Amino acid sequence: AATSRLSPPDSVKAYEKRIQEQEQKLKDLRGEIQDLRQRDKELVKKERNAATQLRGLEKEAALTADLLQQLETKQGRVELQLEGIRAEHDRATEQLAQRKRQLARTLRAMYIRGTPTPAEVVLRTASMRYALSHFKYLGLVARNNARLLEEIRREEQYLATTDAKLTETLFEITSYALGPS
């Protein structure tokens, strides 16, 4: 009851004090609002950074998926190439074995029959025509044997090359399968 009946100077003081208190509360609220705005700005900035990072990660994931697809496609091509090289290698190996067998048969037959000298051929034959045919036959056999030897050398060289390709292709497949070190 005593406070409600304050003298006018006391009542002005009380109003001034309340006004100061209200101004202080207002000032405090403005500070809180400013703090909230600053925090909001920081959150927006963090959100933008997070969104940017997310876009970057999504882009990196897409690029990684593309790279993986390309590697799988290349691995498929390399495996097909490997199958082709193996098939060609097998064919060449069989052809080489066949030529070696053919040369061995010819050389065996020549060994069993013996190779007559030109004088023996002339002395053994009744006619010069037969001797010339025999020399022609021997020349054909010799050329055929030389051709077979050359083909065998080429096939062996080809096989060495395809072996190297095969090894290289297998290494490439293994490298893709294991991934970068």
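**Exercise 1. Overall dimensions**

What radius of gyration does the chain have, and what value would a compact globule of 181 residues have? Describe the dimensions of the chain in this predicted model.

*Solution.* Step 1: the reference value for a compact globule of 181 residues is near 16 Å. Step 2: the radius of gyration of the chain itself is 50 Å. Step 3: along the principal axes, the C-alpha atoms occupy a box of roughly 170 × 20 × 20 Å.

**Exercise 2. Secondary structure and contacts**

Determine how many helices and strands the chain has, and what share of its contacts joins residues at least 24 apart, among those between residues at least 6 apart in sequence.

*Solution.* Step 1: the chain has three helices and zero strands. Step 2: read from the N terminus, the order of elements is α-α-α. Step 3: of the contacts between residues at least 6 apart in sequence, 83% link residues at least 24 apart.

**Exercise 3. Surface and charge**

Describe the burial, the accessible surface and the charge distribution of the chain.

*Solution.* Step 1: 13% of the 181 residues are buried. Step 2: the accessible surface amounts to about 15200 Å², and carbon and sulfur atoms contribute 57% of this surface. Step 3: the chain carries 33 positive and 27 negative charges, whose mean positions lie 7 Å apart.

**Exercise 4. Nonpolar cores**

Identify the residues of the largest nonpolar core and the elements that give two or more residues to it.

*Solution.* Step 1: the largest nonpolar core consists of six residues, namely A92, L96, L103, L148, I152 and L159. Step 2: two or more residues of this core come from each of α1 (8-113) and α3 (128-178). Step 3: a separate core of five residues lies apart from the largest one, and includes L82, I85, L166 and I173. Step 4: leaving aside residues up to four places away in sequence, the core residue L148 touches R99, Q102 and L103.

**Exercise 5. The setting of H89**

Is H89 buried or exposed, and which residues does H89 touch beyond those up to four places away in sequence?

*Solution.* Step 1: H89 belongs to helix α1. Step 2: the relative accessible area of H89 is 15%. Step 3: the cut-off for a buried residue is under 20%; H89 is therefore classed as buried. Step 4: when residues up to four places away in sequence are excluded, H89 touches L159, T162 and D163. L159 is also one of the six residues of the largest nonpolar core.

**Exercise 6. Accessibility and separation of three residues**

Classify P8, E94 and E120 by relative accessibility, and give for each a C-alpha distance to a residue distant in sequence.

*Solution.* Step 1: P8 lies in helix α1. Its relative accessibility is 61%, so P8 counts as exposed. The C-alpha atoms of P8 and G139 are 148 Å apart in space, with their positions 131 residues apart in sequence.

Step 2: E94 is likewise placed in helix α1. With a relative accessibility of 45%, E94 counts as partly exposed. E94 and S175 are 81 residues apart in sequence, and their C-alpha atoms are 30 Å apart in space.

Step 3: E120 is located in helix α2, which covers residues 118-124. E120 has a relative accessible area of 33% and is therefore partly exposed. From E120 to E32 the C-alpha separation is 126 Å, for two residues that are 88 residues apart along the chain.

Technical notes:
Residues numbered from 1 in each chain as written. Predicted model: local features only at pLDDT ≥ 70, side-chain atom pairs only at ≥ 80, totals over all residues. Heavy atoms only, no water. Helix = DSSP H or I, 4+ residues; strand = E, 2+ residues; numbered from the N terminus. Rg over C-alpha atoms; globule rule 2.2 N^0.38 Å. Buried < 20%, exposed > 50% of the residue type's maximum accessible area, 1.4 Å probe, protein only. Contact = heavy atoms within 4.5 Å. Areas by Shrake-Rupley, 256 points an atom, 1.4 Å probe, with all protein chains shown as cover. Lys, Arg positive; Asp, Glu negative; His and termini not counted. Charge placed at Lys NZ, Arg CZ, Asp CG, Glu CD. Core = buried A, V, L, I, M, F, W, Y, C linked by side-chain atoms within 4.5 Å.
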